[in-house]
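Visitor: I'd like a close look at one part of this structure: the side-chain contacts that hold pieces of the fold against each other. Could you walk me through them in one go?

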There are 2 protein chains.
Amino acid sequence: MIADRRRLVAGVLDGDPRAVARSISLVEAEGAAAADVIKGVFRQSGRATLLGVTGAPGVGKSSLVDRLVTTVRRDGRTVGVLAIDPTSPFSGGAVLGDRVRMQTHTGDAGVFVRSMATRGELGGLARATGDAVVVLDAAGFDLIVIETVGVGQAEVEISRTADMTVVVTMPGAGDGVQALKAGVMEIADLFVVNKADHDGADRAVAEIQTMLGLHAYQPEAWRPPVLQTRAIDGTGVPEVLRMIDAYCARGGTEVGRRRRVRLEARVRHLVSESLLQHVEQQALEPGAFARILDQVVATEVDPYTAAEEIVRQAVSTTSPPADTVSS
Amino acid sequence: MIADRRRLVAGVLDGDPRAVARSISLVEAEGAAAADVIKGVFRQSGRATLLGVTGAPGVGKSSLVDRLVTTVRRDGRTVGVLAIDPTSPFSGGAVLGDRVRMQTHTGDAGVFVRSMATRGELGGLARATGDAVVVLDAAGFDLIVIETVGVGQAEVEISRTADMTVVVTMPGAGDGVQALKAGVMEIADLFVVNKADHDGADRAVAEIQTMLGLHAYQPEAWRPPVLQTRAIDGTGVPEVLRMIDAYCARGGTEVGRRRRVRLEARVRHLVSESLLQHVEQQALEPGAFARILDQVVATEVDPYTAAEEIVRQAVSTTSPPADTVSS
């Protein structure tokens, strides 16, 4: 690892916000530098609580996260916030802009806020988010909030990065409840009905409770609570934090299981990327991949048969080092 | 291939709608049956025009597609429509329900309509869509419309399945134009301002033209036209079809390039899946993957180093068949 990256890693482990910001930019870009950063900081990670916050636009997610940050800070704990916008593929790194968000926390070294979007595929954004979480975790933040805009498939994938997911809705949000019905139920560990002073708050709570009632929970399982908040003045937010702490205190097994699933997916992806590269660059004869692909493009060979042929060639031509031949 | 699947493949090639529907269900589920179907039909594919249609909810995409189908049928050409909803992860296979969509075409054997959603990850939906297109193509449909709901990252990924992408918007759709600004510009080959009888239609066209003006097109490049329609009574729809045909007539190189990119991604994905399976089941010692993963979960080894170790073990223990040792 070059000296510059070693300094960067040291900066992250010291909690230096500039080193954290620079490292997150590197993991967004993926590549060798990202690998160096994660290799350098990973062993200091695994201590933070990872909280996903999702919900339809307009329900007040950002205000809720803002208030939650204030409440967490009052406890003396530190918070990193990643605001992810998977619906904004080409905006290139900023949702609402870090400047306009969370202005109340400017100058507080215990709060770090960063927006992330993607220029490439969604899988890339989900992986970059996972690595950014490792950076914030290693930098010592106690709570890491992963806020996603919307309630679609993209958010579901990103929510897999979290230990616990809070789904935010509001009274009369036809859309919000529709989305819940469509299945965001399955990712929620906690529901928050924000703007609880609006008409219909109790009805929204009752609707969610009814939907939860249709689900068969094991006696010992966590049944997602439904809380009401008014993020604009902070009403109900301390209770949200208490519930998060309660979940994390008892949710050890489930949190551990999700962490394993998440790390397994990450390792698998890295392995398959690396194997593919090995096959194309070393195991296959030069040009073999392109020749087989030509046949697929010409509709002479289907993609499945092509893939089988490539794997057959790759596996049969990989030469073992002399000392490991065992057959 | 078992006899049942051979009959299914023959049914698809005959254009039998039940065989087509059953095959699409198989590719949605992925797995061995999907591979058999695609292997069986792929060589008869590659003839259809693949049209992506996307745009924010409410702009009238479905009505436009409905009218387009009518117009295409009047020409004597056949159409398959795949309605994809990536925002509905758990609805399990139906967006608006095939029953309520496209009722005007019920009983017309030249039209096939199918909704697709996902229960798993988005990548899986994009792959299933790609395979469903192959099935419809091999079944002989001349035009295949891939309609996606929304304008987010998910739609961008699915739009990669198409030869040509139509972005639909409407006058005064603040959201629509915002979304365009955010970058859907980059995937559009044709813009349609629907509900062109509403106030502000000319302004919407002018705004899109202005945005296109900021983009440096090569002299010989296709500059996305901007058309106006009123899908509810069909106004402007024949012109949309003419433009699609014009694009496909001249767009040979670009269409061919996209097809190659798409097939290359498909083959690569199949190769990496198969390599990963080979490594876990044959190349590594039993339990080796799980042991390395345990170390990652315990934060003793980072995911990048773990992946390198797995690939090193896999590559060094793969034994070549005797007749191919060449080193």
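Guide: What follows goes from a helix pair to salt bridges, then to aromatic rings and a few loop residues. Keep in mind throughout that this is a predicted model.

Let's begin with two helices of chain A. Helix α4(A), residues 61-74, and helix α9(A), residues 237-250, have axes that come within 9 Å and cross at roughly 75°. That crossing angle makes α4(A) roughly perpendicular to α9(A). From α4(A), the residues in the contact are Leu64(A), Arg67(A), Leu68(A), Thr71(A) and Val72(A). They meet Val237(A), Pro238(A), Val240(A), Leu241(A) and Ile244(A) of α9(A). Sorted by class, the contact of α4(A) with α9(A) has 8 nonpolar residues, 1 polar and 1 charged.

On to charges. Side chains of opposite charge can pair when their charged atoms come close. How many salt bridges turn up over all chains? A search of the whole structure finds 38.

Take Asp131(A) and Arg266(A), a salt bridge whose closest N and O atoms are 3.0 Å apart. Here the pair links distant parts of the chain: Asp131(A) belongs to helix α5 (residues 122-138) of chain A, Arg266(A) to helix α10 (residues 252-283) of chain A, and their positions lie 135 residues apart in the numbering. Asp131(A) and Arg266(A) are buried.

Helix α10 of chain A also supplies Arg262(A), which forms a salt bridge with Asp163(A), with 3.4 Å between the closest N and O atoms. Asp163(A) sits in the loop between α6 (153-159) and β5 (164-169) of chain A, so this pair ties together parts that are 99 residues apart in sequence. As for exposure, Asp163(A) is buried, and so is Arg262(A).

Now for a salt bridge within a single helix, over in chain B. Arg242(B) pairs with Glu239(B), and their closest N and O atoms are 2.8 Å apart. The two residues are 3 apart in helix α9 (residues 237-250) of chain B, so about one helical turn separates them. Are these two buried or exposed? Arg242(B) is exposed, with a relative accessible area of 52%, while Glu239(B) is partly exposed at 30%. Back in chain A, there is also a network: Asp189(A), Glu254(A), Arg257(A) and Arg258(A) are joined into one by salt bridges that share partners.

Next come the rings. A pair of aromatic rings is described by the distance of the centres and the angle of the planes. Over all chains, the search finds 4 aromatic pairs. One of them is Phe112(B) with Phe141(B): the ring centres are 6.3 Å apart and the planes are at 50°, so the pair is tilted. It links distant parts of the chain, with Phe112(B) in strand β3 (residues 111-116) of chain B and Phe141(B) in the loop between α5 (122-138) and β4 (143-148) of chain B, 29 residues apart. Phe112(B) counts as buried at 9% relative accessibility, and Phe141(B) is buried too, with a relative accessible area of 8%.

What about Trp222(B) and Tyr247(B)? Their ring centres are 4.9 Å apart and their planes lie at 85°, so the pair is edge-to-face. Trp222(B) is in the loop between α8 (201-213) and β7 (226-228) of chain B, whereas Tyr247(B) is in helix α9 of chain B, so the pair ties together parts that are 25 residues apart in sequence. Trp222(B) is buried, with a relative accessible area of 17%, and Tyr247(B) is buried at 2%.

A few loop residues finish the tour. Thr299(B) is found in the loop between α11 (288-297) and α12 (303-317) of chain B, and it counts as buried at 14% relative accessibility. Leaving aside residues up to four places away in sequence, Thr299(B) touches Phe42(A), Arg43(A), Ser45(A) and Arg259(A).

Most residues other than glycine have a negative phi. Thr299(A), though, has a phi near 55°, a positive value. Thr299(A) lies in the loop between α11 (288-297) and α12 (303-317) of chain A and counts as buried at 15% relative accessibility. Lys195(B) likewise has a positive phi, near 55°. Its place is the loop between β6 (190-193) and α8 of chain B, and at 24% relative accessibility Lys195(B) counts as partly exposed.

Notes
Residues numbered from 1 in each chain as written. Chains lettered and ligands numbered in written order. Predicted model: local features only at pLDDT ≥ 70, side-chain atom pairs only at ≥ 80, totals over all residues. Heavy atoms only, no water. Axes fitted to C-alpha atoms, helices over the stretch in contact; angles between N-to-C directions. Helix = DSSP H or I, 4+ residues; strand = E, 2+ residues; numbered from the N terminus. Parallel < 35°, antiparallel > 145°, perpendicular 65-115°, else oblique. Contact = heavy atoms within 4.5 Å. Nonpolar A, V, L, I, M, F, W, Y, C, P; charged D, E, K, R; others polar. Salt bridge = Lys/Arg side-chain N within 4 Å of Asp/Glu carboxyl O. Buried < 20%, exposed > 50% of the residue type's maximum accessible area, 1.4 Å probe, protein only. Phe/Tyr/Trp six-rings, centres within 6.5 Å; stacked < 30°, edge-to-face > 60°.
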